[in-house]
Amino acid sequence: MALLPARLPPPTPLGALQSIERSLLCRGEKRRWKGAGAAKGSKGLQRDRSKGRRGGLSARSALTSPRLPPPLQLTSEDMIAAFSQAVDWAGCSIRAFAWHPHTSKFAVALLDDSVRVYNSSRSPCSPGGSRQTYKALLKRRLSRLVLRPKQRCPAEPLSPSWDFKPTSARSPPGLRALNRTSATIPSLKHRLQRNVAAVAWKPLCASILAVACQSCVLVWHLDPTSLSTRPSSGCAQVLSYPGHSPVTSLAWAPSGKLLLSASPVDTAMLVWDVSTENCVQLQWFGGGGVTFLAWSPDGSKVLAATPSAVFKVWEAQMWTCEKWPTIKGRCQTGCWSPDGSRLLFTVLGESVIYSLSFSEYRGDMQGQVGGSKTASIVADLSETTFETPYGEERVGGAVQSMAWDPTGERLAVIIRGDPRTAGTQTVVAVFRTRNSPVFELLPCGFLRGEQSAEPQLIAFHPCFQKGALLTVCWSTGTISHIPFFFLSTHVPYGSPGRSPAVVTASSSVREQPLFSEL
């Protein structure tokens with residue numbers, strides 16, 4: 001598959017956006033957030049909209065356009081379900097998940113539109129746990145399998161994992177288990193917090209959480225020392241913009257100064273400066289709105305997917321961009337290497353992973369995206385059959401979401417099983433990766449949950465010190481933290497004695513890299 005980039009000039013309303021972190025007052029293109037307790041009358045709303053028109057804002061909802069792509073003809077809920085990174089956003093009790101970038105706590109958005117904040121530092125399987133604890137848990141799991149020899153091994157990963165089930169008012173009774181991770185579990189609720197599609201913690205900050213809702217973005221300011229389990233709605237800022245709903249994706253800059261929000265019906269990607277209460281539109285035409293955002297860990301580039309067969313990569317210094325048209329469908333998901341030099345992405349309905357490499361420009365060339373002209377296929381995940389001691393296993397299908405761990409040595413992929421084919425189910429595939437001096441991708445194994453449990457969301461802990469810690473949210477409402485022990489080096493081959501055992505393919509598959517640039 002060849003993807004040809006099309007270089008576009010910088011957006012006219014923004015120009016050289018070098019001072020965007022200091023002030024986002026570009027030609028009147030701004031929108032102030034209102035506190036949760038502030039009431040806005042109808043006249044005030046009309047004044048804000050009129051100011052937007054005078055300032056040249058063109059955030060008109062795509063729903064008013066007579067030529068709509070099929071995905072934009074859906075209702076708001078169906079649209080969120082179609083573009084969410086969750087496998088079954090509409091039916092699963094867990095709709096969004098996000099690790100804090102610096103501490104061992106995470107946020108979970110539930111089916112009842114509440115967001116829970118869990119602190120995992122007290123758990124024996126938290127990133128700060130001892131190796132003896134991990135070994136004890138692994139021994140316990142192995143003994144359970146010995147006591148139940150009829151149970152198939154793929155039904156439970158052979159790795160020490162900490163599992164718990166978040167409580168939810170609308171969850172089935174079996175999911176309302178007590179959580180022992182922290183004495184205080186804040187529950188965030190707001191009248192505007194409906195149909196949550198994504199959550200994101202602000203980097204370099206203790207407790208600021210952004211929540212993508214149907215009509216706005218809520219930014220919660222939480223007190224980490226508070227013992228309150230129900231923070232007031234006054235702790236939330238409301239970031240809204242006409243025509244910018246539903247919000248399906250969020251991305252913080254690694255510096256924590258800027259927040260991006262995206263909506264499939266708005267052709268503009270909004271850049272929010274929460275501290276100054278302003279936003280700027282990154283306006284572009286063609287391809288519809290923006291469905292998915294991913295800011296590179298080094299802060300240099302931003303991936304912006306659209307509902308149509310094209311996606312964009314923005315350069316986050318001068319805010320220039322390049323677009324890559326795909327052949328069959330829209331970009332479903334993507335993830336960046338830790339240094340921002342490589343982008344892995346997938347296309348909706350396809351069972352392959354593509355790779356784009358990016359160069360760093362300096363001097364007169366500074367401000368260019370620098371992406372390669374063609375994308376390479378680095379993995380083919382078409383359905384295949386494996387012979388295991390427990391029988392025949394069928395694995396493969398389209399890719400739903402991906403996550404690359406901060407060391408750049410483990411890649412997790414949710415592969416959706418084909419519902420038309422009997423015997424296939426959604427699984428998590430794990431790969432060993434190397435990005436330097438050449439890129440390599442090697443199959444490592446598969447993860448499956450308990451019976452009738454399918455993975456919905458995946459994420460890596462951002463600062464796990466013993467290798468990589470993969471978090472999997474299951475359809476049963478359980479969240480599992482699965483560690484992979486290895487010495488972090490530039491070579492992706494971990495110590496055999498320290499990697500957890502998982503259900504893998506035959507040895508002949510693992511002996512050779514799935515992809516190598518050599």
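This passage walks through a predicted model of one protein chain, from confidence to sheets, turns and the largest pocket.

A good place to start is how far the prediction can be trusted. Across the protein chain, the mean pLDDT comes to 75, and 66% of the residues reach 70 or more. Residues 1-19 are a weak spot, with pLDDT below 50. That stretch still has 54 contacts in the model beyond near neighbours in sequence. Another low-confidence run covers residues 168-181, where pLDDT stays under 50. For residues 168-181, the model has 26 contacts beyond four places in sequence.

Turning to the sheets, one open sheet is built from four strands in the order E12-E13-E14-E15, with antiparallel pairing. Strand E12 (249-252) and strand E15 (278-283) sit at the edges, each pairing on one side only. On average, and with direction ignored, neighbouring strands of this sheet are turned by 25° against each other. Within the sheet, strand E14 (residues 268-273) pairs with E15 over six bridges, in the antiparallel sense. One bridge to look for on screen links Ala268 to its partner Gln283 in E15.

There is another open sheet of four strands, this one in the order E20-E21-E22-E23, and its pairing is antiparallel too. Here the edges are E20 and strand E23 (376-380), each of which pairs on one side only. Neighbouring strands in this sheet are turned by 30° against each other on average, direction ignored. Strand E22 (residues 352-357) runs antiparallel to E23, and four bridges join the two. Among the residue pairs is Tyr354, whose bridge partner in E23 is Ile377. As a general point for anyone looking along these strands, side chains in a regular strand alternate between the two faces of the sheet.

A hairpin is also worth a look. Strand E18 (residues 310-315) and strand E19 (residues 321-325) run antiparallel and are joined by five bridges. Val310 stands opposite Pro325 in E19. Five residues lie between the strands of this hairpin, and Trp319 takes a positive phi near 60° there.

Some backbone details turn up in the loops as well. Asp113, in the loop between strand E4 (105-110) and strand E5 (115-119), has a phi near 70°, a positive value in a residue other than glycine. Then there are cis peptide bonds. The bond from Ser245 to Pro246 is cis, with omega near 0°, and Pro246 lies in the loop between strand E11 (236-239) and E12. The bond from Ser436 to Pro437 is likewise cis, with omega near 0°. Pro437 belongs to the loop between strand E28 (427-434) and strand E29 (440-447).

That leaves the empty space. The largest pocket holds about 1500 Å³. It is lined by 50 residues, and the closest to its centre are Ala98, Trp99, Trp295, Ala459 and Phe460. Several strands each give two or more residues to this lining: strand E3 (94-99), strand E8 (198-201), E12, strand E16 (292-295), strand E20 (331-336), strand E26 (398-404) and strand E30 (455-460). E3 gives the most, with five residues. By residue type, the lining divides into 36 nonpolar, twelve polar and two charged. The pocket also ties back to the sheets: E12, an edge strand of one open sheet, and E20, an edge strand of the other, are both among the strands that give two or more residues to the lining.

Note on methods
Residues numbered from 1 in each chain as written. Predicted model: local features only at pLDDT ≥ 70, side-chain atom pairs only at ≥ 80, totals over all residues. Heavy atoms only, no water. Pairing = 2+ DSSP bridges. Axes fitted to C-alpha atoms, helices over the stretch in contact; angles between N-to-C directions. pLDDT = per-residue confidence, 0-100. Contact = heavy atoms within 4.5 Å. 1 Å grid on protein atoms, 1.4 Å probe; cavity = no way out; pocket = protein on both sides within 12 Å on 5 of 7 lines; lining within 4 Å. Points joined across faces, edges and corners; volume = space filled by probe spheres on them. Nonpolar A, V, L, I, M, F, W, Y, C, P; charged D, E, K, R; others polar.
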